[in-house]
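Below is a walk through one protein model. The sequence and the coordinates come first, and the explanation follows them.

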Amino acid sequence: MMISRLAVSLPRRGRSAFAAAMTQRTANASVTVTVTPSRSITTHSQLPEETSMVYEMCRKFADEELAPNASEWDQKHEFPTQAIAALSDLGLMGINTPEENGGSGLDALSYAIAMEEISRGCASVGVIMSAHNSLYMYPVQAFGTPEQHDEWITPFAFPSDDDGCGKINNIGCFCLSEPGNGSDAGAASTMAVKDGDDWIINGTKAWITNAYEANAAVVFATTDKSLKYVFSMIHFV
């Protein structure tokens, strides 16, 4: 199939929303795709007030606490425990977790801005924060029961007090990857077998961000290896 003409209509500068239409004409067919974003933010000065506050806070933290130490953490292969504790104190380890579950309850834009600034200061800290929020907190928040939220979300969204002896900063991880199949969820070999009211999970996971420091995990396992893809997958916490 030969393309005889490719026409693209680009947005004009200054428009708050745009419609970009791309038409691909061929000898026998014509296809038109139209994309209309809801908003466009090109500078930090255009951020909503709350998001702008998140930006300033994270930028200051990245400049003062992360950037000066990032190289040393990498060279010594150290987990940035104190930095993660500070992120938790700032509410960033539960940034888009609802307030009723102990989180900050901020939107996706604030989360993206926070991730950008934290990662600018130290990419490793950014990965730890994103794995905790997006891969551990979100699945449990989205698909868990209220009882599971109380047990596995609230204590992980903000540091809790250990009977006056100090703060507990809980971290979660996401266990999908395996030595033999990487992150191919449908090829997972970890088995989950029902045993009365319990499940017995048997398998090996690898390359799991936060695994050594995590207090809880979302674990992918299959209940029937004869079924292909993800039809037999169950996620445990």
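Is Asp-107 buried, exposed or partly exposed? With a relative accessible area of 36%, Asp-107 is partly exposed, because that value falls between the 20% under which a residue counts as buried and the 50% over which it counts as exposed. The model in which this is computed is a predicted one.

Asp-107 sits in the loop that runs between helix H2 (81–89) and helix H3 (108–121). Its C-alpha atom is 9.2 Å from that of Thr-97, a residue 10 positions away along the chain. Asp-107 also belongs to a negative surface patch, together with Glu-49, Glu-50, Glu-99 and Glu-100. Of these, Glu-49 is in helix H1, which covers residues 49–76. Glu-49 has a relative accessibility of 65% and therefore counts as exposed, since the cut-off for that class is over 50%.

The overall figures give the setting. The protein contains six helices and 10 strands. It has 237 residues, of which 35% are buried. Its accessible surface is about 14500 Å², and carbon and sulfur atoms account for 53% of that. Among contacts with a separation of 6 or more, 55% are between residues 24 or more positions apart.

Helix H2, which precedes the loop of Asp-107, has Ala-83, Ile-84, Ala-85, Leu-87 and Ser-88 as its buried residues. These buried residues pack against H1, H3 and H4. Just after H2, Gly-91 adopts a positive phi of about 85°.

Which residues does Met-129 touch, leaving aside those up to four places away in sequence? They are Leu-87, Leu-92, Met-93, Tyr-111, Ala-114, Met-115 and Ile-118. One of them, Leu-87, is among the buried residues of H2. Met-129 itself is located in helix H4, residues 123–143. Its relative accessibility is 0%, so Met-129 counts as buried. Met-129 also has a spatial relation to a residue further along the chain: its C-alpha atom is 9.7 Å from that of Gly-172, and the two are 43 residues apart in sequence.

The charged side chains come next. Side chains of opposite charge can pair when their charged atoms come close. In this model the number of salt bridges is six. One of them joins Glu-117 and Arg-59, with 3.1 Å between the closest N and O atoms. This pair connects distant parts of the chain, as Glu-117 is in helix H3 and Arg-59 in helix H1, 58 residues apart. The two partners differ in exposure: Glu-117 is buried, with a relative accessible area of 3%, whereas Arg-59 is partly exposed, with 30%.

Glu-117 has another salt-bridge partner in Arg-120, and there the closest N and O atoms are 2.9 Å apart. Why are Arg-120 and Glu-117 separated by about one helical turn? Both are in helix H3, and they are three residues apart, which means a separation of about one turn. An α-helix has 3.6 residues a turn, so residues three or four places apart point the same way. Arg-120 counts as partly exposed because its relative accessibility is 40%.

A further salt bridge is found between Lys-205 and Glu-178, where the closest N and O atoms are 2.9 Å apart. It too links distant parts of the chain: Lys-205 is in the loop between strand S8 (198–202) and strand S9 (216–222), Glu-178 is in the loop between S6 and S7, and 27 residues separate them. At 21% relative accessibility Lys-205 counts as partly exposed, while Glu-178, at 1%, counts as buried. Through shared partners, salt bridges join Arg-59, Asp-63, Glu-117 and Arg-120 into one network.

The loop of Glu-178, between S6 and S7, also holds Ser-177, with strand S6 at 172–175 and strand S7 at 191–195. Ser-177 has a relative accessibility of 11% and so counts as buried, the cut-off being under 20%. Residues up to four places away in sequence aside, Ser-177 touches Gly-182, Ser-183, Thr-204, Lys-205, Ala-206, Trp-207 and Ile-208. Lys-205 in this list is the salt-bridge partner of Glu-178.

Conventions. Residues are numbered from 1 along each chain as its sequence is written. This is a predicted model: local features need pLDDT of at least 70, side-chain atom pairs count only at pLDDT 80 or more; totals for chains, interfaces and linings use all residues. Side-chain values use heavy atoms; hydrogens and water are left out. Patches are made of residues with over 30% relative accessible area and no salt bridge: like charges are joined within 9 Å, nonpolar side chains (Val, Leu, Ile, Met, Phe, Trp, Tyr) within 5 Å. Accessible areas come from the Shrake-Rupley method with a 1.4 Å probe; for residues, only the protein chains shown count as cover. A salt bridge is a side-chain nitrogen of Lys or Arg within 4 Å of a carboxyl oxygen of Asp or Glu. Lys and Arg count as positive and Asp and Glu as negative; His and the chain ends are not counted. The place of a charge is taken as NZ of Lys, CZ of Arg, CG of Asp or CD of Glu. Helices (H or I, at least four residues) and strands (E, at least two) are DSSP runs, numbered from the N terminus. Buried means under 20% relative accessible area, exposed over 50%, partly exposed in between (1.4 Å probe, protein chains only). Contact means heavy atoms within 4.5 Å.
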